[in-house]
There are 10 protein chains.
Amino acid sequence: MKREICTALMLEAKQEKGISFQQIADEIGRSIVWTTSAILGQNTCDAIESKKVCELLGLGIDIEKAFQQFPSKGTEAIMPPTDPLIYRLYEIVLIYGDTIKQVIHEKLGDGIMSAIDFNMQIEKEENPNGDRVKITLDGKFLPYKKW
Amino acid sequence: MKREICTALMLEAKQEKGISFQQIADEIGRSIVWTTSAILGQNTCDAIESKKVCELLGLGIDIEKAFQQFPSKGTEAIMPPTDPLIYRLYEIVLIYGDTIKQVIHEKLGDGIMSAIDFNMQIEKEENPNGDRVKITLDGKFLPYKKW
Amino acid sequence: MKREICTALMLEAKQEKGISFQQIADEIGRSIVWTTSAILGQNTCDAIESKKVCELLGLGIDIEKAFQQFPSKGTEAIMPPTDPLIYRLYEIVLIYGDTIKQVIHEKLGDGIMSAIDFNMQIEKEENPNGDRVKITLDGKFLPYKKW
Amino acid sequence: MKREICTALMLEAKQEKGISFQQIADEIGRSIVWTTSAILGQNTCDAIESKKVCELLGLGIDIEKAFQQFPSKGTEAIMPPTDPLIYRLYEIVLIYGDTIKQVIHEKLGDGIMSAIDFNMQIEKEENPNGDRVKITLDGKFLPYKKW
Amino acid sequence: MKREICTALMLEAKQEKGISFQQIADEIGRSIVWTTSAILGQNTCDAIESKKVCELLGLGIDIEKAFQQFPSKGTEAIMPPTDPLIYRLYEIVLIYGDTIKQVIHEKLGDGIMSAIDFNMQIEKEENPNGDRVKITLDGKFLPYKKW
Amino acid sequence: MKREICTALMLEAKQEKGISFQQIADEIGRSIVWTTSAILGQNTCDAIESKKVCELLGLGIDIEKAFQQFPSKGTEAIMPPTDPLIYRLYEIVLIYGDTIKQVIHEKLGDGIMSAIDFNMQIEKEENPNGDRVKITLDGKFLPYKKW
Amino acid sequence: MKREICTALMLEAKQEKGISFQQIADEIGRSIVWTTSAILGQNTCDAIESKKVCELLGLGIDIEKAFQQFPSKGTEAIMPPTDPLIYRLYEIVLIYGDTIKQVIHEKLGDGIMSAIDFNMQIEKEENPNGDRVKITLDGKFLPYKKW
Amino acid sequence: MKREICTALMLEAKQEKGISFQQIADEIGRSIVWTTSAILGQNTCDAIESKKVCELLGLGIDIEKAFQQFPSKGTEAIMPPTDPLIYRLYEIVLIYGDTIKQVIHEKLGDGIMSAIDFNMQIEKEENPNGDRVKITLDGKFLPYKKW
Amino acid sequence: MKREICTALMLEAKQEKGISFQQIADEIGRSIVWTTSAILGQNTCDAIESKKVCELLGLGIDIEKAFQQFPSKGTEAIMPPTDPLIYRLYEIVLIYGDTIKQVIHEKLGDGIMSAIDFNMQIEKEENPNGDRVKITLDGKFLPYKKW
Amino acid sequence: MKREICTALMLEAKQEKGISFQQIADEIGRSIVWTTSAILGQNTCDAIESKKVCELLGLGIDIEKAFQQFPSKGTEAIMPPTDPLIYRLYEIVLIYGDTIKQVIHEKLGDGIMSAIDFNMQIEKEENPNGDRVKITLDGKFLPYKKW
């Protein structure tokens with residue numbers, strides 16, 4: 001079974017059973033962001049996690065196996081994004097990309113922030129002037145090697 | 001004077017005088033991220049801020065004025081980015097864009113995170129396994145309006 | 001059920017029953033523009049609205065549920081548009097985009113017009129020299145925040 | 001003199017003299033939107049209008065002449081737009097383009113809204129919850145001809 | 001029934017019955033160019049025309065209805081065209097587009113040739129040095145409006 | 001001298017002297033369309049034509065020589081065109097390209113209309129309902145060769 | 001039957017029967033290059049050729065008919081090509097295109113080599129240092145017409 | 001001196017002195033095609049060839065040296081080509097690319113024709129029905145290696 | 001059977017049987033890299049290799065035959081790659097492409113490294129600071145020919 | 001001084017003095033590949049390295065300083081590459097990208113090869129059948145982190 005079909009079947013089961021991403025995350029002891037990305041086919045569960053998720057969603061052994069495959073990442077993404085929510089993130093890279101580069105270089109020197117040794121949190125901040133979204137990106141600084 | 005020329009002259013003066021973005025930020029009482037973005041032509045200083053920055057950098061009245069113009073944003077950005085540091089940010093949108101959409105919808109409902117009523121922090125986290133970069137995006141949640 | 005299939009089935013039922021977008025809009029007490037955009041998969045009805053629309057179109061519970069999903073927006077759009085009617089709108093952005101930017105900045109300062117906290121009206125204006133179309137875009141002004 | 005150079009010189013003079021687009025518009029008895037678009041090289045003034053504008057801005061006969069040329073339109077536009085203000089307009093076409101098509105067809109039949117026999121107003125609407133921008137597009141309906 | 005399926009079925013029936021586009025055009029009293037474009041899903045027949053075409057092609061009521069829908073135009077076109085015949089037309093726009101602009105402006109002033117209030121003829125010209133194709137485009141001149 | 005500089009200097013001289021494309025065409029006994037395309041760098045004058053044009057425009061021997069070079073065609077064109085007048089021509093290829101292909105095949109068989117052994121006329125048609133533009137494309141039919 | 005399906009069925013039959021393109025070419029008295037291009041949907045056989053090919057491949061009347069349709073050419077091609085063999089041809093145009101233009105202009109004057117009144121041969125040249133491929137393109141010179 | 005400036009100066013000198021590519025080729029004992037490609041910056045002359053060419057064109061030692069640099073190839077090419085002559089070559093790859101692949105595979109097996117160990121001839125063929133251009137591509141067959 | 005379907009069925013069988021690429025490579029006496037590329041449809045096995053692979057995977061004669069077809073290469077690749085692992089390779093070409101060109105020219109002269117007469121090894125290097133990946137590309141140097 | 005100008009001046013001085021990349025590399029005790037990439041503006045020398053390189057090339061303090069700036073990487077690269085040498089590297093990613101992904105996953109698990117904590121060697125291998133180029137890529141394996 002291809003990974004994309006696995007993703008589609010999991011989302012369908014999730015919708016039908018009315019289970020939230022948070023519930024799935026709690027089941028396997030991972031954060032909601034990472035768990036959601038795994039279900040959307042961008043990260044990989046091991047055998048134990050896969051089993052728990054499939055039991056919760058009432059899915060069989062073939063999906064349990066397919067869910068452990070290493071996916072080809074990003075193949076479904078539309079760039080530039082058409083969805084307004086995702087476009088706003090893209091716009092931040094567009095408008096602030098060079099700013100982030102300059103500030104990281106000033107604070108840490110010549111290198112990059114890893115997108116692999118990396119984690120992300122998304123939180124709701126209640127605010128009387130309108131709630132806010134807070135996204136925290138936390139990646140290892142990788143200095144350029146010389147040789 | 002066009003805003004791009006203003007940007008180029010400010011960066012040249014900054015390099016020559018050996019002034020950091022942090023020093024400029026402290027001068028006007030803004031964060032380093034916002035200040036850097038303003039100098040790079042993505043945000044706008046008012047007359048007082050502009051004056052202080054130009055005095056610090058030893059620049060004249062014409063730059064002081066041009067620095068207050070509302071810029072055309074993002075015109076210099078290369079998308080997809082070729083610089084590895086900026087590409088990693090783009091990759092996060094590519095790989096995690098849909099994940100962020102799903103998690104925001106689950107936590108706050110139908111709407112987006114504003115990239116206008118928005119701020120960003122960039123910090124260095126010291127870590128024995130290698131220092132880390134922590135980027136915090138904090139934007140107002142804008143629910144879709146019906147009519 | 002995926003949102004796109006939901007859209008296709010609703011349009012088919014609408015065509016078969018000979019119901020206009022205006023009639024559906026009246027049923028749920030929303031404007032024709034917003035209602036049409038919801039049916040085309042660009043906005044989201046709540047449970048009550050969804051029920052009313054599906055009853056009017058004679059559609060079952062699964063469509064009623066799918067119609068409440070938050071859609072991935074803009075995924076079907078062709079840019080630049082090939083259809084002449086939609087291209088003319090694109091051309092207005094192409095030719096007048098910078099003009100609109102300058103006028104908004106002159107009238108309201110540094111900020112944008114929101115496309116989220118936003119509504120639109122489309123009206124026919126009868127005119128002896130040929131009828132006219134009048135489109136009104138009305139969005140909240142979001143000033144750029146400093147930090 | 002090429003039209004682009006004419007545009008650049010007019011903007012420079014306008015900035016130096018501190019004249020607003022509204023003042024120029026009043027001088028020639030046109031709306032601010034049309035006048036701004038003409039100065040930005042997207043519409044054409046006749047000899048009388050051109051003279052008045054150049055006198056107001058203190059510009060010579062060569063600019064007065066160049067300002068009457070029919071420009072190549074849209075050559076400076078970036079699509080998709082990178083500036084957030086202009087992108088929001090583009091996004092409205094992206095998200096609502098098909099909706100506008102359906103509503104115009106339902107209200108006026110098979111045809112398009114002209115972007116040539118066309119005018120636009122931009123107004124500020126004061127609002128205690130935050131000011132709003134109101135853009136009105138008004139174009140002739142052109143029915144498709146059969147032959 | 002979607003308009004594209006309607007197109008495919010009509011072309012299949014036409015091929016099977018060995019009916020030419022000219023015969024269909026004669027049946028409804030329209031030119032061959034307009035009739036062909038309608039069958040290819042770029043223009044719209046009314047109820048009477050639709051009935052006649054479907055009777056000639058031996059097609060049922062569902063196609064007759066679908067054939068009256070307002071299509072999304074140009075969605076199947078490949079640009080730049082890969083087919084040599086269509087590419088040559090594209091090349092004429094590429095090479096002579098600016099020439100046509102200059103000549104129209106010199107002869108009629110500031111405006112455009114409408115592609116909506118428009119008709120086209122295609123004729124074979126017999127010629128001893130090799131037959132020629134003559135395409136006549138005839139569109140209303142729309143002067144730019146000021147406001 | 002490069003051909004593009006030659007073009008720019010000729011246009012400048014033409015504007016300064018107030019000479020129309022028609023006058024230049026009459027001077028060398030060619031049509032206005034072909035003459036305009038030659039001046040815009042898309043066709044080539046021979047030595048005699050070149051001499052006449054340069055005398056009329058008051059230009060020297062170096063331009064006279066450069067004007068006889070075979071140009072690299074189409075290098076300045078923007079595709080898809082941003083100028084509304086040129087876009088409408090592009091739209092005709094987009095919307096009617098396949099129609100033209102079908103009609104030529106039905107009338108002349110398998111082959112193309114040449115864009116090289118080719119001429120074009122542009123005329124103003126006065127009309128009480130608004131003047132019209134008539135563009136006639138006349139190209140040799142080239143049947144596909146078998147071997 | 002659509003031309004693409006016809007192509008697919010012919011290739012399948014050819015593979016199954018183990019017939020070479022050369023054998024098909026010999027059957028209809030055409031070169032291997034032209035015959036291969038016809039089977040791949042880029043050229044058109046007449047009724048007699050079509051019959052012979054279909055008999056050789058053991059295919060029925062519907063394919064025989066579909067094989068006589070005038071195809072939409074080049075629709076399956078990927079540009080720039082990803083296959084190394086086809087990319088090398090593309091690279092020759094990329095690297096030597098302007099060279100070929102200059103040499104043809106020096107040898108034959110202002111015009112082009114037709115890709116319609118055109119034939120191509122492909123031969124294997126045995127060579128002790130490694131065999132070579134020899135491709136000969138032979139097209140009519142079409143001088144640009146003036147009018 | 002950059003290689004592009006070297007190319008521009010050589011073409012200028014060639015035009016001024018009225019020397020043909022054939023004459024330059026004869027001077028260094030190379031074919032006209034290869035010599036033209038070297039002058040256009042796509043191949044490299046050695047010291048002796050470079051000296052001869054520069055003497056013929058009356059150019060100095062700095063150009064003689066720059067002419068021996070290994071160029072970055074293809075950087076000036078426009079793809080897809082806009083010039084009709086070069087486009088026809090591109091079209092041959094577009095339409096016949098897969099045909100050439102199939103015929104080479106049938107005649108020589110799995111491999112490619114080299115565009116490096118490669119030569120090309122361009123000849124004029126006089127013909128009473130119109131002269132023809134004959135281009136011969138001759139490249140080494142490189143079989144795919146297994147390992 | 002099309003080559004892509006052959007690839008899909010082989011991957012499915014491989015997954016089901018739990019066979020590694022290394023085991024398949026050992027079975028036919030080829031390297032793991034080449035064998036993997038053949039299974040992914042980028043290289044071609046001969047009859048004997050094909051038989052062995054299909055027996056190992058328990059696949060029938062039709063797949064055995066299809067596996068010997070010469071594939072159209074690279075058709076499934078996404079460029080720029082979205083998968084982070086493949087993007088890093090693309091980035092190396094982006095960032096170091098010109099460096100590699102300069103170093104090869106300095107060490108071997110004017111020519112290229114073949115991607116056809118070519119092999120690649122991929123090895124894991126254990127390292128206490130974190131394991132490393134070592135990729136070795138080994139291609140024939142092809143000097144540019146003159147003629 | 002901008003980094004691109006610094007690069008251009010260093011290459012000019014290098015060419016004039018006849019110094020090889022290897023000599024510069026030896027001067028600073030780095031490999032030829034890394035040193036070349038630094039001069040081409042893709043990596044950064046520290047103050048001591050910069051001083052040595054500038055002394056060797058006879059360049060002043062302003063270049064010495066500019067050479068220590070962190071560059072925007074990859075901004076000059078053309079993708080897909082037009083130069084045949086660089087294209088062959090791109091082609092390897094195109095054809096073998098997925099193969100490399102599969103083999104790395106089979107040998108090291110879910111993760112990527114870093115392009116930052118990375119080095120590259122380029123060597124000439126003498127070979128009686130034609131010299132070969134050997135490129136070794138050696139990057140840290142970064143396993144995907146879960147959180």
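Helices and strands are DSSP runs, with at least four residues for a helix and at least two for a strand, and they are numbered from the N terminus. The model shown in these views is predicted.

**A cis peptide bond in chain E leads into Pro80(E).** The bond runs from Met79(E) to Pro80(E). Its omega is near -10 degrees. Where along chain E does Pro80(E) lie? Pro80(E) sits in a loop. Helix H5 (61–66) is on one side of that loop, and helix H6 (84–108) is on the other.

**Chain D has a cis peptide bond between Met79(D) and Pro80(D).** Here omega is about -10 degrees. Pro80(D) belongs to the loop between helix H5 (61–66) and H6 of chain D.

**Chain A is built from 6 helices and 2 strands.** Follow the chain from its N terminus, and the order reads α-α-α-α-α-α-β-β. The helices therefore come before the strands in this order, numbered from the N terminus. The C-alpha trace of chain A spans about 50 × 50 × 30 Å along its principal axes.

**Helices H2 and H3 of chain C cross at roughly 100 degrees.** H2(C) covers residues 21–28, and H3(C) covers residues 32–39. Their axes come within 8 Å. Angles of 65 to 115 degrees count as roughly perpendicular, so H2(C) is roughly perpendicular to H3(C). Which residues of H2(C) meet H3(C)? They are Phe21(C), Gln22(C), Ile24(C), Ala25(C) and Ile28(C). Facing them from H3(C) are Ile32(C), Trp34(C), Thr35(C), Thr36(C) and Ile39(C). Sorted by class, this helix contact has 7 nonpolar and 3 polar residues. No charged residue takes part in it.

**Chains D and C each bring 66 residues to their contact.** Together they bury about 6,500 Å². Carbon and sulfur atoms give 70% of that area. Leu85(D), Arg132(D) and Val133(D) supply 10% of the area that chain D buries against chain C. No other three residues supply more.

**Arg132(D) pairs with Asp138(C) in a salt bridge.** How many salt bridges cross the interface of chain D and chain C? The rule finds 6. In the Arg132(D) and Asp138(C) pair, the closest N and O atoms are 2.7 Å apart. The salt-bridge cut-off is within 4 Å, so this pair qualifies. Polar contacts also link the two chains, with 22 residue pairs counted, both residues at pLDDT 80 or more. On chain D, the elements that give two or more residues to this side include helix H2 (21–28), helix H3 (32–39) and helix H6 (84–108). Strand E1 (111–125) and strand E2 (132–143) of chain D complete that list. H6(D) gives the most, with 24 residues. By class, this side of chain D has 32 nonpolar, 17 polar and 17 charged residues.

**Chain I meets chain A through 7 residues of chain I and 9 residues of chain A.** The two chains bury about 650 Å² between them. Of this area, 49% is on carbon and sulfur atoms. Gln15(I), Thr82(I) and Asp83(I) supply 52% of what chain I buries against chain A, more than any other three residues. How many salt bridges are counted between chain I and chain A? The count is 0. Polar contacts do occur there: 3 residue pairs, both residues at pLDDT 80 or more. On the chain I side, helix H6 (residues 84–108) gives the largest share, with 3 residues. By class, that side has 3 nonpolar, 2 polar and 2 charged residues.

**Asp117(A) and Lys145(J) form a salt bridge.** Their closest N and O atoms are 3.1 Å apart. Asp117(A) lies in strand E1 (residues 111–125) of chain A, and Lys145(J) lies in the segment after strand E2 (132–143) of chain J, so the pair joins two chains. Over all chains, the structure holds 119 salt bridges.

**Chain C touches neither chain H nor chain I.** How far apart are the closest C-alpha atoms of chain C and chain H? They lie 19 Å apart. For chain C and chain I, the nearest C-alpha atoms are 18 Å apart.

Technical notes:
Residues numbered from 1 in each chain as written. Chains lettered and ligands numbered in written order. Predicted model: local features only at pLDDT ≥ 70, side-chain atom pairs only at ≥ 80, totals over all residues. Heavy atoms only, no water. Contact = heavy atoms within 4.5 Å. Buried area = accessible area lost by both parts, 1.4 Å probe. Salt bridge = Lys/Arg side-chain N within 4 Å of Asp/Glu carboxyl O. Polar contact = N/O pair within 3.5 Å; in protein donor to acceptor, adjacent residues only side chain to side chain. Nonpolar A, V, L, I, M, F, W, Y, C, P; charged D, E, K, R; others polar. Axes fitted to C-alpha atoms, helices over the stretch in contact; angles between N-to-C directions. Parallel < 35°, antiparallel > 145°, perpendicular 65-115°, else oblique.
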